[in-house]
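Hi everyone, thanks for coming. I'd like to walk you through one structure today, so have a look at it while I talk.

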Amino acid sequence: MQELIQQVVSGLASGGIFASLALALVLIYNAMGLVNFAQGEMAMFATFIAYTLISHGLNYFIAFPLTLGLAFVGGVLIERVVIRPVERAPVLTLVIVTLGLATLINGAAGFFFGYTPNYFSSPFSTHTVNILGAFASYQDLSVIAVSAVVLLAIFLLLQRTTIGLTLRAAAHHPEASRLLGIRVSWMLALGWGLASAVGAVSGIMVAPILLLEPNMMQTIIIYAFAAAVLGGIDSPLGAVVGGLIVGVTVNLVGAYVVGGDLELAVALAIIVGVLVLKPNGLFGRAAVRIV
Amino acid sequence: MAPILEVRDLAVRFGGVVALDRVSFKVDEGQVVGLIGPNGAGKTTLFNIITRVYRPAAGTVVVDGKPVEKMAPHEVVRNGVARTFQNLALFRSMTVLDNVLVGDHIRTRSGWLEASVPLPWALSAEAASRKRALETLEFVGLSNLASHPVAVLPFGTQKRVELARALVSRPRLLLLDEPAGGISHEEVDGIARLLRRVHTELGMTMLLVEHHMGFVMGISDRVVVLDFGKKIAEGSPSEVQRNPVVIEAYLGAA
């Protein structure tokens, strides 16, 4: 029983990481109907920036928000420079552009930072604390706490502020939004900036668990896809719930059923299973077309 | 009185189809002008030019002294033009109140920082915005539905939500595309009463497209008639109703 609780807690910690990256995917999907395949690589690059800042002596707790700010600016720039010229292109064109972007960022990270894995130290110790008879590490608990804060901040931004309202309006009905005075194109850039910052959180959280190198996010993005698909690719709440479910499921199935090597296969099974049985996910809206 | 809207020699072509052919007319401040004509006469096209969805092939539209061709679509609203749509363009996943708040956002005028971080002065601006939105909902008779998701409401009620969303920005010119289209007889009377109040109580200048003749003639100060992209008549409702060219356009030659 005690071991089960521990597996659930560490599953929730990885779930928080998947949820952040899945939320980044959902933000861009909602803004332009596009799955951003470069999201993981963008997060990886931001993590390298955080690593560089910290290894130059900056305090972790200053480097973290600073990196999120830089990731936001980077996301806005990518939208303006790379996505804007193809904004109205068919979705397949956009998908290929994001795949190219993923390769480009991956190569750039290798060029600037090298392929040698770096140990990214976390300010939170891996020592454990006893909660109701089960042991959870400070690191896992801090990941859960940070993810919760970030997800709550995004929720409040989207649901409780004017900019969130116009962001949602622009995503749902670009034409009507334009006629209500919203600068839809800038809203897209803002969406990319937010997604980039939220994704960076997942990179910085996962780096101390894995090792930081250019391919670090390539399995994490699969889990994030699974989370987003399970939750419903257009639902921010779904991304969070999906992330937690995927984190806990993968951890439990990995620990008790298939073993650690097949954990990624569990994520892929979730993706296929959801798409076959419930394509809109848990919280997604069904696509309705009036003909 | 200065015209708030001036349409001058406007021409629009879609490929070989001439949707508007050198149309000119004016809307003076405080007036209600009806725009009528058989299907395909170019009424909605004209709205789409005024709100900068399309660009004209020739001619110009001047709103409050400024030509709209030089504006981006989002600037037209900031210049005081609001519209409703023939087939509704609401944000279906949002509540009634949120829909109206989107209409109000251009009035809050806050920058990105104020709009995203709950700073004290931004909070009071948002409270003021909510107050205006709720007052507008009360005006159109929907204050009890503010927190309802808009998608589940009947079509006629959704039309009122759209009207509230347009009204809340206090436009200088309100464009109404078939406000009585697709709703029941009782609702048509309700909408007519409501628009009359918009005119008398808020002093709003309106240009409306409508097929429902009783509705248009009852509310308009002046009526402009389009047929196959050309203006064929203009005048008071009674003049237009007696005009043989108009009768022929609607009923065919006797």
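Let's start with a pair of helices: at roughly what angle do the axes of helix 9 and helix 10 of chain A cross? Before I answer, please keep in mind that this is a predicted model. Okay, so the angle is roughly 125°, and the two axes come within 7 Å. Helix 9 covers residues 217-231 of chain A, and helix 10 covers residues 236-258. With angles from 115 to 145 degrees counting as oblique, helix 9 and helix 10 of chain A are therefore oblique to each other. Their crossing is right-handed.

Who meets whom there? On the helix 9 side of chain A you'll find, among others, A:Tyr223, A:Ala227 and A:Gly231. Across from them, helix 10 of chain A brings residues including A:Ala239, A:Gly242 and A:Gly243.

Now find A:Ala22. Leaving aside its neighbours within four places in sequence, A:Ala22 is in contact with residues including A:Ala227, A:Gly231, A:Ala239 and A:Gly242.

A:Ala22 also turns up in the largest nonpolar core, which has 163 residues. A:Ala22, A:Leu23, A:Ala224 and A:Ala227 have the most contacts inside that core. Helix 1 of chain A, residues 2-32, gives this core its largest share, with 16 residues. Chain B joins in too: domain 1 and domain 2 of chain B each provide at least three residues of the core.

Last stop, the two chains together. Here 18 residues of chain A are in contact with 22 residues of chain B. On the chain A side, helix 6 and helix 7 each supply at least two residues, and helix 6 of chain A gives the most, with seven.

How values were computed:
Residues are numbered from 1 along each chain as its sequence is written. Chains are lettered from A and ligands numbered from 1 in the order in which they are written. This is a predicted model: local features need pLDDT of at least 70, side-chain atom pairs count only at pLDDT 80 or more; totals for chains, interfaces and linings use all residues. A nonpolar core is a set of buried Ala, Val, Leu, Ile, Met, Phe, Trp, Tyr and Cys residues joined through C-beta atoms within 7 Å. A residue is buried if 20 or more other C-beta atoms lie within 10 Å of its own, exposed if 12 or fewer, and partly exposed in between; C-beta atoms are placed from the backbone. Helices (H or I, at least four residues) and strands (E, at least two) are DSSP runs, numbered from the N terminus. Domain bounds come from an automatic or database domain assignment. Two residues are in contact if their C-beta atoms, placed from the backbone, lie within 7 Å. Axes are lines fitted to C-alpha atoms, for helices over the stretch in contact, and angles run from 0 to 180 degrees between N-to-C directions. Angles under 35 degrees count as roughly parallel, over 145 as roughly antiparallel, 65 to 115 as roughly perpendicular and the rest as oblique. A crossing is left-handed if the near helix is turned anticlockwise from the far one by less than a right angle, and right-handed if clockwise.
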